[in-house]
Amino acid sequence: MREKSDQDIIESVLSGETEEFSALVLRHQAKVLGFCFSMLAGRQAAEDAAQEIFIKAYRSLEDFRGDSAFSTWLYRIAFNHCASIRARAARSRTESFDAMTESERDKALSARGARSADPPGDDLAARAMMELPENYRAVMAMRLEGEDYRAIADSLGISVDSVKARLRRARVILRDRLRHFLPAGASKITEDR
């Protein structure tokens, strides 16, 4: 017996067999979770976001037209959800920073500077990834999850050339930030073609 396709499962869910949606979750959860880890800081935030993404996908399943792969549609939901979380967090940090007195701001800034001078730990690459601009981080995260250029382009609503350009720029940024930690003679962060 052949394994049901995503489209077969979607049709089953839409016809009332809602428990079938768990098969889609099991099939795509590792990639969605990996994408969330790349986009958000912290394990719990990524796990919560992944769960919320699948809830959004379930609630919007009747809107899935099938013009692209289900995974492409799911990545689009994931990107928008993670971008929304990051925007809320940035607004919250700005509001909190603005509300501080001048002496509190000075203390916060000096504490941040002290942390950035700490020696790198095992999460050096993860921290460098989190510091990438969001549009570069998204394409890098999807590529690291094994998505091809076309799927990334469709998920983010950009051209394949834009995907390639963003990946190239993300690699340059990562290489520059991590160059002191690369083995001698390793001047490139390579990519499979």
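**An all-helical chain and its packing**

At 7% relative accessibility, phenylalanine 21 counts as buried, and this residue makes a convenient entry point into the structure, which is a predicted model. The ring of phenylalanine 21 pairs with that of tyrosine 58 in an edge-to-face arrangement, with 5.2 Å between the centres and 70° between the planes. Tyrosine 58 has a relative accessible area of 36%, so this partner is partly exposed. The pair brings together distant parts of the chain, since phenylalanine 21 belongs to helix H2 and tyrosine 58 to helix H3, 37 residues apart.

Stepping back to the whole chain helps to place these two helices. The secondary structure consists of 9 helices and 0 strands, and the order of elements from the N terminus is accordingly α-α-α-α-α-α-α-α-α. Of the 193 residues in the protein chain, 33% are buried. Among contacts between residues at least 6 apart in sequence, 58% connect residues at least 24 apart.

Aromatic pairing is found elsewhere too, with a count of 5 aromatic pairs. One of them joins phenylalanine 64 and phenylalanine 70, again edge-to-face, at 5.8 Å centre to centre and with 85° between the planes. Phenylalanine 64 and phenylalanine 70 are both buried. Together with Trp73, Phe64 and Phe70 make up one aromatic cluster.

Phe70 also leads to the interior of the model. In soluble globular proteins, nonpolar side chains tend to be buried together. Here the largest nonpolar core contains 48 residues, and Phe35, Cys36, Phe70 and Leu156 are those with the most contacts inside it. At least two residues of this core come from each of helices H1 (6-14), H2 (21-39), H3 (43-59), H4 (70-99), H6 (124-130), H7, H8 (149-156) and H9. The greatest contribution is that of H4, with 8 residues. A closer look at cysteine 36 shows contacts with Ala46, Ala49, Ala50, Ile53 and Cys82, leaving aside residues up to four places away in sequence.

Helix H3 also includes residues that are less covered. Alanine 45 lies in this helix and has a relative accessible area of 33%, which means that alanine 45 is partly exposed. Its C-alpha atom is 9.3 Å from that of isoleucine 85, although alanine 45 and isoleucine 85 are 40 residues apart in sequence. Isoleucine 55 is likewise found in helix H3 and, at 36% relative accessibility, is partly exposed. Between the C-alpha atoms of isoleucine 55 and valine 25 there are 9.9 Å, with 30 residues separating the two along the chain.

Towards the later part of the chain, attention turns to H7, H8 and H9. Helix H7 is mostly covered, with 8 of its 11 residues buried. The buried residues of H7 are Tyr136, Arg137, Ala138, Val139, Met140, Ala141, Met142 and Arg143. After H7 comes glycine 146, which has a positive phi near 95°.

Two packed helices are described by the angle between their axes and the distance between the axes. Helix H7 (residues 134-144) packs with helix H9 (residues 160-178) at an angle of about 100°, and their axes are 9 Å apart. This angle makes H7 roughly perpendicular to H9. On the H7 side, the contact is formed by Asn135, Tyr136, Val139, Met140 and Arg143, which meet Arg166, Leu167, Arg169, Ala170, Arg171, Ile173 and Leu174 of H9. By character, the residues of this contact of H7 with H9 are 7 nonpolar, 1 polar and 4 charged. Tyr136, Val139, Met140 and Arg143 thus take part in the contact with H9 and are buried as well.

Helix H8 packs with H9 too, at an angle of about 100° and with the axes 8 Å apart. As a result, H8 is roughly perpendicular to H9. The H8 residues Tyr149, Arg150, Ile152 and Ala153 meet Val160, Val163, Lys164 and Leu167 in H9. This contact of H8 with H9 comprises 6 nonpolar, no polar and 2 charged residues. Leu167 of H9 is met by residues of H7 and also by residues of H8.

Terms used: Residues are numbered from 1 along each chain as its sequence is written. This is a predicted model: local features need pLDDT of at least 70, side-chain atom pairs count only at pLDDT 80 or more; totals for chains, interfaces and linings use all residues. Side-chain values use heavy atoms; hydrogens and water are left out. Axes are lines fitted to C-alpha atoms, for helices over the stretch in contact, and angles run from 0 to 180 degrees between N-to-C directions. Helices (H or I, at least four residues) and strands (E, at least two) are DSSP runs, numbered from the N terminus. Angles under 35 degrees count as roughly parallel, over 145 as roughly antiparallel, 65 to 115 as roughly perpendicular and the rest as oblique. Contact means heavy atoms within 4.5 Å. Ala, Val, Leu, Ile, Met, Phe, Trp, Tyr, Cys and Pro count as nonpolar, Asp, Glu, Lys and Arg as charged, and the others, Gly among them, as polar. A nonpolar core is a set of buried Ala, Val, Leu, Ile, Met, Phe, Trp, Tyr and Cys residues joined through side-chain atoms within 4.5 Å. Buried means under 20% relative accessible area, exposed over 50%, partly exposed in between (1.4 Å probe, protein chains only). Rings of Phe, Tyr and Trp (its six-membered ring) pair if their centres lie within 6.5 Å; planes under 30 degrees apart count as stacked, over 60 as edge-to-face and the rest as tilted.
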